[in-house]
Amino acid sequence: MRVLFFLSTVLYCSIAAVGCTADRCLSSAFAQYAHTTIRTRTIAPPRSTLSKSEVNDISSDAEELPELFSVDVRYDRRSPLTYDPSSGRYLDNSIIQTSSADSKTIHGHTFIKNIGHSLHRNFVPEGVNPSYYKFMRWRILQRFVNANVHVIGTQSLLMGLRGIQRGGAVSAVSGAAAKGGAALGAVAATNWVLKDTLGKFVRMIWASKMGRKFDPDAKRWRYRAAFIYALGNGLEVTTYLYPQYFLPLAMLANSCKQMSMLTSSATRNALYNSFKGDGTANGNTANGSGDNNATATRRSGSVENIGDITAKGEAQIAVVDLLGIASGICLSRAIGVSVNNVFSVWVILQVLEIFCMYHEMQSIVYSTFNFERMYTVLRSMRFIDDKAAINSMDVVEAPKTRKELVSNVPTPEDIAEQEKIFMPPDHLARRAIAFGSPGRTALDPDELKMLVNDAFRGEKYFIVVGKDEKNARGLSARVRQWRRMRQAGVHVEKDVGLDYYLDPQEQCYIVLHESANNLDILKSALALVIFRRKLVALDTTMRQQKNSAYDPPPPFRTRDCEEILRETRIEASKVFPHLLRELTKKGWHPPLRSLLGRVSARADWKIQQVREKKNDPACNQVVTSSSI
């Protein structure tokens, strides 16, 4: 027991130390890079303008010995080397400083260092970004608490089986032999097998229904799975309170656990993919100068280490689970079989596990887009007015030294702090609201012709405006309408039509072409954000022109927004190349690697070629941007 506790402590401290070391390495590498760059860019004056003594001084400076560093690319460690005249070799500074110490100190230091390197090599993967270490600290604590909860739940199940005999709740089939120990074993085995049977069926149904939702939204479903698992643990504890309902409670508990374990295994690779290093930090740390950064980036970026991350993660879990089970056994003996003690301890441990899981998921930083992250980035950015016709509420004045059309683009770290982990995305940031089929709203042939042949000519998408006639509006939609009416100062009465207080941003959506890829989805989402801003401004202007709040403007249709739709397409095509460059600068992966999910409701039409006008600079810009 003490050996296991010692190993877990050393493992946790090692991972914590590695995380801190990674942060320090990044900062020290940047400082070293800046110092080296400034030093190498110093320009010496011409020798013809200097005296002989000054030329000798420059020659002696130029012959200065170069600095030498020992670099371990595998573990991203860097240490300076100093020449040792006694041995005639370049040695690490730490070795030279400890050479004067006694042999016991040297051997002790080497032994501890070897243990740390061994733990790091066996339990920490290579080529991961700094967010991995924070994630693993919380994961180790969460798994340790989870193992304790598992022991408490198993103890409750066994006590529930004993309660069957004590309460006389033996089935009629086994009632004749209920006095024997064999009959009790048969009843227990039968109930145990039956509870697992339903769990397997629920696991299959859950996999078939929810499989496509895990990849684009792994963080949210992994955190929700923790609540499902907690519900299963709670039902297991309940079997101890109500042993007469052992079989239904145990079956429901096992079903919840099967759903949670399936969700956890299905989202594991999607979460691990976020930890793969991009090579930038490693390149700066390993070289100490900017000359070979590209080489280091290619070297680190070409390594696919998802197998190493998975294997080392399972090794960490195995050790922590063993320690948690041992701790849970000791805890179960300490609390005894009192119902109040068991239930109280379960509540405390379960709350602690949910708390750890929240921070575990919050520490994950995705550099790839799903639709929620993509829409949050597009909604947060600002347009820079370079005398273009971008008429929106989020236009700022253009700096004199830049020609970029977008600014205020969030980084992956900024989005990770804002991202919802349990609750669903905002209503406008949901994929089902932003995309739809042409039959979702009223659309006549003239409007379709205008969209395909004029407003969005040459694009693999178009935006339709109108009320959703296909899907019934639920309670949340009515609550949003009620809030808009209250903000407008209108009392909710039966004779007031709710359709006149629809959010204008909900009255437009994207129709994708059958061949549209992720790049087209990003461009269409950019156009939707621009159009929603324009539509809100138009709705505000029309409401201000009305004399009474009880006489609001009717819902918009596509024919009412022809000019705005044309402007939206031109502005989106003009901003899109600048947006791609800004996303790359901020650390986002290319859109083709995004996890935008499956947009199944699409349409097929003949894409018309863009008519190029020689004297129309706006149209020329559209042609150029569309070919990117």
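These legends go with a set of close-up views of one predicted model.

**View 1. How sure is the predictor about this chain?**
Before zooming in, let's check the confidence. Across the protein chain the mean pLDDT is 74, and 64% of the residues get to 70 or more. Two stretches deserve some caution. Over residues 20-44 the pLDDT stays under 50, and the model gives this stretch 21 contacts beyond four places in sequence. Residues 279-302 also have a pLDDT below 50, with 33 contacts in the model beyond near neighbours in sequence. Where pLDDT is low, don't read the predicted coordinates in detail.

**View 2. A little open sheet with three strands in a row.**
Here you can follow 3 strands in the order β1-β2-β3, paired in antiparallel fashion. Which strands sit at the edges? They are β1 (69-72) and β3 (89-92), and each of them pairs on one side only. Don't expect the strands to line up perfectly: ignoring direction, neighbours in this sheet are turned by 40 degrees against each other on average. As you look along a strand, keep in mind that in a regular strand the side chains alternate between the two faces of the sheet.

**View 3. Zooming in on β1 beside β2.**
These two strands run antiparallel, and 4 bridges join β1 to β2. Want a pair to look for? Find Phe 69, then look across to Pro 80 in β2, its bridge partner.

**View 4. The hairpin of β2 and β3.**
Now move to the other pairing of β2. How many bridges join β2 (residues 77-84) to β3? There are 4, and the two strands run antiparallel. You can pick out Thr 82 standing opposite Leu 91 in β3. Another pair is Asp 84 with its bridge partner Arg 89 in β3. The hairpin has 4 residues between the strands, and in this hairpin Gly 88 takes a positive phi near 70 degrees.

**View 5. Two helices side by side, α7 and α8.**
Helix α7 covers residues 218-241 and helix α8 covers residues 246-272. Their axes are 8 Å apart, and the helices pack at an angle of about 160 degrees. Are they roughly parallel or roughly antiparallel? An angle over 145 degrees counts as roughly antiparallel, so that is the label for α7 and α8. Their crossing is left-handed. The residues of this contact split into 18 nonpolar, 8 polar and 4 charged.

**View 6. Another helix pair, α16 and α19.**
This time the partners are α16 (residues 445-455) and α19 (residues 562-585), with axes 11 Å apart and a packing angle of about 30 degrees. Angles under 35 degrees count as roughly parallel, so α16 is roughly parallel to α19. The crossing of α16 past α19 is right-handed. Who meets whom? On the α16 side look for Met 450, Leu 451, Asp 454 and Ala 455; they meet Glu 562, Leu 565, Arg 566 and Arg 569 in α19. Sorted by type, the residues of this contact come out as 4 nonpolar, no polar and 4 charged.

Technical notes. Residues are numbered from 1 along each chain as its sequence is written. This is a predicted model: local features need pLDDT of at least 70, side-chain atom pairs count only at pLDDT 80 or more; totals for chains, interfaces and linings use all residues. Side-chain values use heavy atoms; hydrogens and water are left out. Axes are lines fitted to C-alpha atoms, for helices over the stretch in contact, and angles run from 0 to 180 degrees between N-to-C directions. Angles under 35 degrees count as roughly parallel, over 145 as roughly antiparallel, 65 to 115 as roughly perpendicular and the rest as oblique. A crossing is left-handed if the near helix is turned anticlockwise from the far one by less than a right angle, and right-handed if clockwise. Contact means heavy atoms within 4.5 Å. Ala, Val, Leu, Ile, Met, Phe, Trp, Tyr, Cys and Pro count as nonpolar, Asp, Glu, Lys and Arg as charged, and the others, Gly among them, as polar. pLDDT is the predictor's confidence in each residue, from 0 to 100. Two strands pair if DSSP finds at least two bridges between them.
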